[in-house]
Amino acid sequence: MPSPHLEIQLSLEAGDWPDEDSLGLAADKALGCAARYIHEKSGQAFPPEPVEVSLLFTDDASMQVINAEWRDQDKPTNVLSFPAWPIKPGDKPGPMLGDIILASQTVRREAVEMGKPFDDHLTHLLVHGFLHLFGYDHMQDEQAAVMEGLETGILAELGVSDPYGQDEPI
């Protein structure tokens, strides 16, 4: 089973985000750890060539338009994921994994409301969006338990507290 290798394409479109270099470092760290974790702990297959992930950092106004068009929800949200191809957890992805879009005002507001550092919340949402690209979901309790378990494990390896509880990193 080949080790996961990601190629991250990052676009900073709008919003009050850190600079592109800082976002790139955060994304490399979070998504790299997530890829290794699901590869090692869940047996997630990866092709030998790099898998491309596209990240778009935007604002709430743009996110609201996207959310209305694709999900019929006329409001901003924190993160949206669009897999390039339908995939089930464990299936080997193609060369393009998909797109993750994040909205700055919502991410910042949620971090303040939860009393969490912005960087920790951003890391959580990057991991959350990444898992969606591999077919993980949280619409049913059983699916949510699996996805949240992976998120918690990945975040613990990154030194980020459990976003679903009050536990400190393991």
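What follows is a short working chat about a predicted model of one protein chain.

Biologist: How many helices and strands does the protein chain have, and what pattern do they follow along the sequence?
Modeller: In this predicted model, the protein chain has 5 helices and 4 strands, and read along the sequence they follow the pattern β-α-β-α-β-β-α-α-α.

Biologist: Which way do β1 and β2 run, and how many bridges join them?
Modeller: Strand β1, residues 6-12, and strand β2, residues 51-58, run parallel and are joined by 7 bridges; one of the pairings is between Q9 and its bridge partner S54 in β2. Between the two strands the chain passes through helix α1, residues 20-42, and this β-α-β crossover is left-handed.

Biologist: Switching to α2, which of its residues are buried?
Modeller: In helix α2, residues 60-71, the buried residues are D60, M63, I66 and N67. These residues lie on the same side of α2, because they cover an arc of only 120° around the axis, whereas A61, V65 and E69 are exposed on the other side.

Biologist: And what do the buried residues of α2 pack against?
Modeller: They pack against β2, β3 (79-83), β4 (96-103) and α3 (104-114). Just after the helix comes D72, with a positive phi near 55°.

Biologist: What about the whole chain, what is its radius of gyration?
Modeller: The protein chain has a radius of gyration of 15 Å, which agrees with the value near 15 Å for a compact globule with 170 residues. Buried residues make up 45% of those 170 residues, and of the roughly 8,800 Å² that the chain exposes, carbon and sulfur atoms supply 49%.

Note on methods
Residues are numbered from 1 along each chain as its sequence is written. This is a predicted model: local features need pLDDT of at least 70, side-chain atom pairs count only at pLDDT 80 or more; totals for chains, interfaces and linings use all residues. Side-chain values use heavy atoms; hydrogens and water are left out. Two strands pair if DSSP finds at least two bridges between them. A crossover is right-handed if, with the strands pointing away from the viewer, the path from the first strand over the helix to the second runs clockwise. Buried means under 20% relative accessible area, exposed over 50%, partly exposed in between (1.4 Å probe, protein chains only). The arc is that of the directions from the helix axis to the C-beta atoms. Contact means heavy atoms within 4.5 Å. The radius of gyration is taken over C-alpha atoms; the globule rule is 2.2 Å times the number of residues to the power 0.38. Accessible areas come from the Shrake-Rupley method with a 1.4 Å probe; for residues, only the protein chains shown count as cover.
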